[in-house]
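Student: Could you take me on a close look at a single part of this structure and then show me how the rest fits around that part? I am new to this, so please go step by step.

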Amino acid sequence: MDTKEYSNGEITILWKAEKCIHSGICVKTLPKVYNPKDRPWIKPENATSEELIAQVSKCPSGALSIK
């Protein structure tokens, strides 16, 4: 399974596209970080590490994790 990594310098978000079925939750929770129209679509530098950890922990599909 292909995993992409996005870092803010403190933590790294791991994203598994094949598992992602609820990206709307990410966009609604942290719209400055998640924008499916942009490339890359995840910009972790636009939130604090604490905000990112809290949001990733709510990922219902398990497509997001923290490294």
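Tutor: Let's begin with Thr 29, keeping in mind that this is a predicted model. Thr 29 counts as partly exposed because its relative accessibility is 41%, and partly exposed means a value between 20% and 50%. You will find Thr 29 in helix α1, which covers residues 23–29. A polar atom of the Thr 29 side chain lies 2.7 Å from the backbone oxygen of Ile 25. Now look further away: Glu 10 is 19 residues from Thr 29 in sequence, and their C-alpha atoms are 20 Å apart in space.

From the helix, let's move to the sheet. Here 3 strands form an open sheet, in the order β1-β2-β3, with antiparallel pairing. The edges are taken by β1 (3–7) and β3 (64–66); each has a single partner strand, so one side of each is left without a neighbour in the sheet. On average, neighbouring strands of this sheet are turned by 25 degrees against each other, direction ignored. As a general point, strands of a sheet pair through backbone hydrogen bonds, and they can do so in a parallel or antiparallel way. In this model, β1 and β2 (residues 12–16) pair in the antiparallel sense over 5 bridges. You can pick out one place in that pairing by finding Glu 5, which stands opposite Leu 14 in β2.

A second threonine helps you explore the sheet. Thr 12 is found in strand β2, and Thr 12 counts as buried because its relative accessibility is 13%, where buried means under 20%. Leaving out residues up to four places away in sequence, Thr 12 touches Glu 5, Tyr 6, Ser 7, Ser 65, Ile 66 and Lys 67.

Two residues among those contacts of Thr 12, Glu 5 and Lys 67, also meet each other. Their side chains form a salt bridge, at 3.2 Å from N to O. This pair links distant parts of the chain, since Glu 5 is in strand β1 and Lys 67 is in the segment after β3, 62 residues apart. Glu 5 counts as partly exposed because its relative accessibility is 49%, whereas Lys 67, at 57%, counts as exposed.

A search of the whole structure finds 2 salt bridges. Asp 38 and Lys 43 also meet in a salt bridge through their side chains, at 3.4 Å from N to O. Asp 38 is partly exposed, with a relative accessible area of 27%, and Lys 43 also counts as partly exposed, at 24%.

Next, find helix α2, residues 49–56, which lies across β2 and β3 and runs at about 135 degrees to β3. In the loop between α2 and β3 you will meet Ser 61. Ser 61 counts as buried because its relative accessibility is 18%. The Ser 61 side chain reaches the backbone nitrogen of Ala 63 at 3.3 Å. Setting aside neighbours within four places in sequence, Ser 61 is in contact with Lys 19, Cys 20, Ile 21 and His 22.

Finally, let's step back to the record. An unreviewed UniProt entry annotates residues 6–66 as "domain: Divergent 4Fe-4S mono-cluster". Over residues 6–66, the chain is 25% helix and 16% strand, and the end C-alpha atoms are 10 Å apart.

How values were computed:
Residues are numbered from 1 along each chain as its sequence is written. This is a predicted model: local features need pLDDT of at least 70, side-chain atom pairs count only at pLDDT 80 or more; totals for chains, interfaces and linings use all residues. Side-chain values use heavy atoms; hydrogens and water are left out. Two strands pair if DSSP finds at least two bridges between them. Helices (H or I, at least four residues) and strands (E, at least two) are DSSP runs, numbered from the N terminus. Axes are lines fitted to C-alpha atoms, for helices over the stretch in contact, and angles run from 0 to 180 degrees between N-to-C directions. Contact means heavy atoms within 4.5 Å. A salt bridge is a side-chain nitrogen of Lys or Arg within 4 Å of a carboxyl oxygen of Asp or Glu. Buried means under 20% relative accessible area, exposed over 50%, partly exposed in between (1.4 Å probe, protein chains only). UniProt positions are given in the numbering used here, feature names are shortened, and annotations may be inferred rather than shown by experiment. A polar contact is a pair of N or O atoms within 3.5 Å; within protein, one must be able to donate a hydrogen and the other to accept it, and residues adjacent in sequence count only if both atoms are side-chain atoms.
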